[in-house]
Amino acid sequence: MKMKHISKFTFSITLVLLSFIGNAQIKESAKKDSTTIHKDSLPIKKERYGIRIGVDLFKLSRSFYEKEYQGLELVGDYRVTRRHYLAAEIGNENKTVQDTKINFTTKGTYLKVGFDYNTYENWLNMENMITVGLRYGVSSFSQTLNSYSIYNPNPYFGEAPIVIPATTYKGLTAQWIEVVSGVKVKVFNNVFVGFSFSINRLLSQKKPENFDNLYIPGYNRTYNGNFGVGFNYTVSYFIPLYKSTVKAKETKKKK
């Protein structure tokens, strides 16, 4: 059910962000059409380079409405070329999971680094992004086994008692890679909102004895042992450092 809610939320956010892009492009087109561009004089375009820093609102708001979760993620990127961006996320999570036969708490921090490629062709003075990218993630965390119940093959004689060991396993680690796709839209001067969706693949992990890492900070819930998915919804602020001058593509005014 949670995955369905996230999918609906993601679809709604996508429509909102794409409408922002469309409206902005239409306004920019109207400005361009009001002036004649001569064939021999190409428009000069100055593109900004700098650092963008923000926060994941999805994890931040989740800490308020889900009592068994606390988390914070900071995001950032740096523009290297016209289309390539270095990107990173750092955060921490504290989550208690009640599974069918087990209850456990995961606490830890994580770091993800990689790059994004902007596939979107912006018009003059636009800075929106539709990106695909890759991340390498590492996490250091602990798992506390709060309680578990033993499987009873003969339920006719009653349910097996719940065991409450309260055992904590420290020094656990995990490494993974992520394929990421996302959108960022400038809504105000230097202010961007966006979201991203990732598919994760575990590379290695240190497990506690007789217990599996069912949830890893930064990686999220594990499925079939080695795969997972992630989602964030961010607001960020762009800090411009310098500008680079490029010639926009030659366009001919249609009569």
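## An aromatic cluster, a cavity and buried polar residues

F58, F195 and F231 come together as one aromatic cluster. The model is a predicted one, and the values below are computed from its atoms.

**Overall architecture**

The protein chain contains 2 helices and 11 strands. Their order along the sequence is α-β-α-β-β-β-β-β-β-β-β-β-β. Of its 255 residues, 40% count as buried.

**Aromatic rings and charges**

A pair of aromatic rings is described by the distance of the centres and the angle of the planes. In this model the count of aromatic pairs comes to 5. For F192 and F238, the ring centres are 6.4 Å apart and the planes meet at 65°; an angle over 60 degrees counts as edge-to-face, so this pair belongs to that class. The pair links distant parts of the chain, with F192 in strand β8 and F238 in strand β11, 46 residues apart. F192 has a relative accessible area of 1%, which is under the 20% limit, and is therefore buried. F238 is likewise buried, because its relative accessible area is 5%.

Two arginines are placed over aromatic rings. The charged end of R79 sits over the ring of Y49, at 4.6 Å from the centre of that ring. R201 lies over the face of F227, with a distance of 5.1 Å to the ring centre.

**The cavity**

Searching the whole structure gives 1 cavity of 30 Å³ or more. The volume of the largest cavity is about 360 Å³. Its lining consists of 32 residues, of which E89, R135, V180, S196 and N232 are the closest to the centre. The elements that give two or more residues to this lining are β2 (69–79), β3 (84–98), β4 (102–118), β5 (129–149), β7 (167–188), β8 (191–205) and β11 (227–247). The most is given by β7, with 6 residues. By residue class, the lining divides into 9 nonpolar, 13 polar and 10 charged residues.

**Polar contacts of side chains in β3 and β4**

Strand β3 holds both K95 and Q98. K95 has a relative accessible area of 8% and is therefore buried. Q98 has a value of 53%, over the 50% limit, so this residue counts as exposed. K112, in strand β4, is buried, because its relative accessibility is 7%.

The polar contacts of these three side chains are set out below.

| Side chain | Partner | Distance |
|---|---|---|
| K95 | E66, side chain | 2.9 Å |
| Q98 | N103, side chain | 2.7 Å |
| Q98 | I102, backbone oxygen | 3.5 Å |
| K112 | E178, side chain | 3.2 Å |

The two buried lysines each have a glutamate as partner: the side chain of K95 contacts that of E66, and the side chain of K112 contacts that of E178. The exposed Q98 instead reaches the side chain of N103 and the backbone oxygen of I102.

**Separations along the chain and in space**

Q98 and Y148 are 50 residues apart along the chain, and their C-alpha atoms are separated by 9.6 Å. For Y215 and K107, the separation along the chain is 108 residues, while their C-alpha atoms lie 9.6 Å apart. Y215 belongs to strand β9, residues 215–216. With a relative accessible area of 3%, Y215 is under the 20% limit and therefore buried.

**Backbone conformation at two asparagines**

Most residues other than glycine have a negative phi. Two asparagines of this model have a positive value. At N190, phi is near 70°. N190 lies in the loop between β7 and β8, and is buried because its relative accessibility is 8%. At N220, phi is positive as well, at about 80°. N220 lies in strand β10, residues 220–221. The relative accessibility of N220 is 15%, which is under 20%, so N220 also counts as buried.

How values were computed: Residues numbered from 1 in each chain as written. Heavy atoms only, no water. 1 Å grid on protein atoms, 1.4 Å probe; cavity = no way out; pocket = protein on both sides within 12 Å on 5 of 7 lines; lining within 4 Å. Points joined across faces, edges and corners; volume = space filled by probe spheres on them. Helix = DSSP H or I, 4+ residues; strand = E, 2+ residues; numbered from the N terminus. Nonpolar A, V, L, I, M, F, W, Y, C, P; charged D, E, K, R; others polar. Phe/Tyr/Trp six-rings, centres within 6.5 Å; stacked < 30°, edge-to-face > 60°. Buried < 20%, exposed > 50% of the residue type's maximum accessible area, 1.4 Å probe, protein only. Lys NZ or Arg CZ within 6 Å of the ring centre and 35° of its normal. Polar contact = N/O pair within 3.5 Å; in protein donor to acceptor, adjacent residues only side chain to side chain.
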